Amino acid sequence: MSSQKFDKRFGLIAIQKGFIAFEEAYEALVTQITEELEKDKRRPIGEILFEKGHMTTTQIDGVIKSMGL
């Protein structure tokens, strides 16, 4: 699975599970895209959401389990 597809699916599942709001997913995606353009660096969306305090590691693991990884 491509990382771009993974990030979109990760954000959608996190919203569906009630872990984050749409606005938090949007904010994390904007951060991810900005970093990629400015620093040529792409971080996982879960890492960004954790860093911003929107998700816990337990919630992130719950999303990954839902994705079948």
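This passage describes the nonpolar core, a surface patch and a buried glutamate in a predicted model.

A good place to start is the interior. The largest nonpolar core comprises 13 residues. Within this core, F10, I20, L49, M55 and V63 have the most contacts. Four helices take part: at least two core residues come from each of α1 (3-16), α2 (22-39), α3 (45-51) and α4 (57-66). I20 offers a helpful view of how this core is put together. Leaving aside residues up to four places away in sequence, I20 touches G11, A14 and I15, and the list continues with A25, L49, H54 and M55. Two of these partners, L49 and M55, are named with I20 among the core residues that have the most contacts.

Turning to the outside, F22, Y26 and V30 make a nonpolar surface patch of about 330 Å². Y26, a residue of helix α2, has a relative accessibility of 52% and therefore counts as exposed, the cut-off being over 50%.

Helix α2 also holds E35, and here the picture is reversed. The relative accessible area of E35 is 12%, so this residue is buried, a class that requires a value under 20%. What does E35 touch, once residues up to four places away in sequence are set aside? The contacts are with D40, K41 and R43. For R43, there is a further detail: its side chain makes a polar contact with the side chain of E35, at 2.9 Å. Helix α2 thus carries both the exposed Y26 and the buried E35.

Technical notes
Residues numbered from 1 in each chain as written. Predicted model: local features only at pLDDT ≥ 70, side-chain atom pairs only at ≥ 80, totals over all residues. Heavy atoms only, no water. Core = buried A, V, L, I, M, F, W, Y, C linked by side-chain atoms within 4.5 Å. Buried < 20%, exposed > 50% of the residue type's maximum accessible area, 1.4 Å probe, protein only. Contact = heavy atoms within 4.5 Å. Patch = residues over 30% accessible without salt bridge, like charges linked within 9 Å, V, L, I, M, F, W, Y side chains within 5 Å. Areas by Shrake-Rupley, 256 points an atom, 1.4 Å probe, with all protein chains shown as cover. Salt bridge = Lys/Arg side-chain N within 4 Å of Asp/Glu carboxyl O. Polar contact = N/O pair within 3.5 Å; in protein donor to acceptor, adjacent residues only side chain to side chain.
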